[in-house]
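Please open the model in your viewer, with the sequence alongside, and follow the stops below in order. At each one there is a selection to make and a short account of what it shows.

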Amino acid sequence: MNFGLLSLFGLLAVVASSKEIVETFNVQPSGQVSHFDVALNKVRCLFSWTAVGGTNEDWQMGLTKENGYECVIQRPEKTSYLFFQNFAASILGAELKSAEIFDSSGNLLNSEVFAKDPSDGSVKSVDGKFKNSLGRVVLKAKKSKKNKTNKEL
């Protein structure tokens, strides 16, 4: 194989990796506020939670760039048995357009159980309305002119 062909494969690998990142993280039922985030092209997806009950669970966070940005936070392939006291998710460096939250059974939650704040790109559970079951969070955003990558939840 010649050097030019190797360079082309290397370039393709870099381009492909700049469109998606997926990482696994551990959610522990510690009763303490915990955080996880990933970044792609100066856009950052953050997830904060407090959970109790059950045992540690592996979750995934993915950030994809295709016709905007999509951040997906989920327990892949399994039901979550954790009791989420609260959660917050945000997408920074892009303008939040929509949010879909699913319970651990895969049911789409009513928008009354979470508050969406497009001004800071966040969604948060609403005390008294959120029933502590979480399985998947999907945030969709478009690239914004303002870059908020340094803001914390």
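Begin by selecting Phe-130, which is buried, with a relative accessible area of 7%; bear in mind throughout that this is a predicted model. Next, add Asn-110, in the loop between β7 and β8 (114-117), and compare the two positions: Asn-110 is partly exposed, at a relative accessible area of 47%. The C-alpha atoms of Asn-110 and Phe-130 are 9.4 Å apart in space, while in sequence the two residues are 20 residues apart.

**The aromatic pairs**

Now turn to the rings, of which the model holds seven aromatic pairs. Select Phe-25 with Phe-47: the ring centres are 6.2 Å apart and the planes stand at 65 degrees, and because an angle over 60 counts as edge-to-face, this pair is edge-to-face. Phe-25 belongs to strand β1 (residues 20-27) and Phe-47 to strand β3 (residues 43-52), so that the pair links distant parts of the chain, 22 residues apart. Are these two residues buried or exposed? Phe-25 counts as buried at 6% relative accessibility, and Phe-47 is buried as well, with a relative accessible area of 0%.

Keep Phe-130 from the opening stop and select Phe-87 beside it: their ring centres lie 5.1 Å apart with the planes at 70 degrees, so this pair, too, is edge-to-face. Phe-87 sits in strand β6 (residues 83-92), whereas Phe-130 is found in the loop between β9 (122-125) and β10 (136-143), so the pair ties together parts that are 43 residues apart in sequence. Phe-87 is buried, at 3% relative accessibility.

To see a wider group of rings, select Phe-25, Phe-36, Phe-47, Trp-49, Trp-59 and Phe-84, which form one aromatic cluster.

**The β2 and β3 hairpin**

Phe-36 and Phe-47 also lead to the next stop, since Phe-47 in β3 is the bridge partner of Phe-36. Show β2 and β3 together: the two strands run antiparallel and are joined by seven bridges. At the turn, the hairpin has two residues between the strands, and Asn-41 takes a positive phi near 50 degrees.

Then display the side chains of β2 alone and look along the strand, where they alternate: Ser-34, Phe-36, Val-38 and Leu-40 point to one face and are buried, while His-35, Asp-37 and Ala-39 point to the other face and are not buried. In a regular strand, side chains alternate between the two faces of the sheet.

**The nonpolar core**

Which residues touch the most other members of the largest nonpolar core? They are Phe-47, Ile-73 and Phe-84, in a core of 34 residues. At least two residues of this core come from each of β1, β2 (34-40), β3, β4 (57-65), β5, β6, β7 and β10, and the largest share, five residues, is supplied by β3. In soluble globular proteins, nonpolar side chains tend to be buried together.

To look at the surroundings of one core member, select Phe-47 and its contacts. Leaving aside neighbours within four places in sequence, Phe-47 is in contact with residues including Phe-25, Phe-36, Met-61, Ile-73, Phe-84, Phe-87 and Leu-134.

**The disulfide**

Staying in β3, select Cys-45 and then Cys-71, which are joined by a disulfide with an S to S distance of 1.7 Å; the model has one disulfide. The torsion about the S-S bond is about -60 degrees, so the disulfide is left-handed. Cys-45 lies in strand β3 and Cys-71 in strand β5 (residues 69-74), so the pair ties together parts that are 26 residues apart in sequence. Cys-45 is buried, with a relative accessible area of 0%, and for Cys-71, also buried, the value is 0%.

**The five-stranded sheet**

From β5, extend the selection to the open sheet of five strands, which has the order β1-β4-β5-β10-β7 and antiparallel pairing. β1 and β7 (94-102) stand at the edges, each with a single partner strand, so one side of each is left without a neighbour in the sheet. On average, and with direction ignored, neighbouring strands of this sheet are turned by 15 degrees against each other.

For the last stop, go to β7 and its pairing with β10, which is antiparallel and extends over eight bridges. Select Ala-99, and opposite this residue, in β10, you will find Leu-139.

Note on methods. Residues numbered from 1 in each chain as written. Predicted model: local features only at pLDDT ≥ 70, side-chain atom pairs only at ≥ 80, totals over all residues. Heavy atoms only, no water. Phe/Tyr/Trp six-rings, centres within 6.5 Å; stacked < 30°, edge-to-face > 60°. Helix = DSSP H or I, 4+ residues; strand = E, 2+ residues; numbered from the N terminus. Buried < 20%, exposed > 50% of the residue type's maximum accessible area, 1.4 Å probe, protein only. Disulfide = S-S within 2.5 Å. Pairing = 2+ DSSP bridges. Axes fitted to C-alpha atoms, helices over the stretch in contact; angles between N-to-C directions. Core = buried A, V, L, I, M, F, W, Y, C linked by side-chain atoms within 4.5 Å. Contact = heavy atoms within 4.5 Å.
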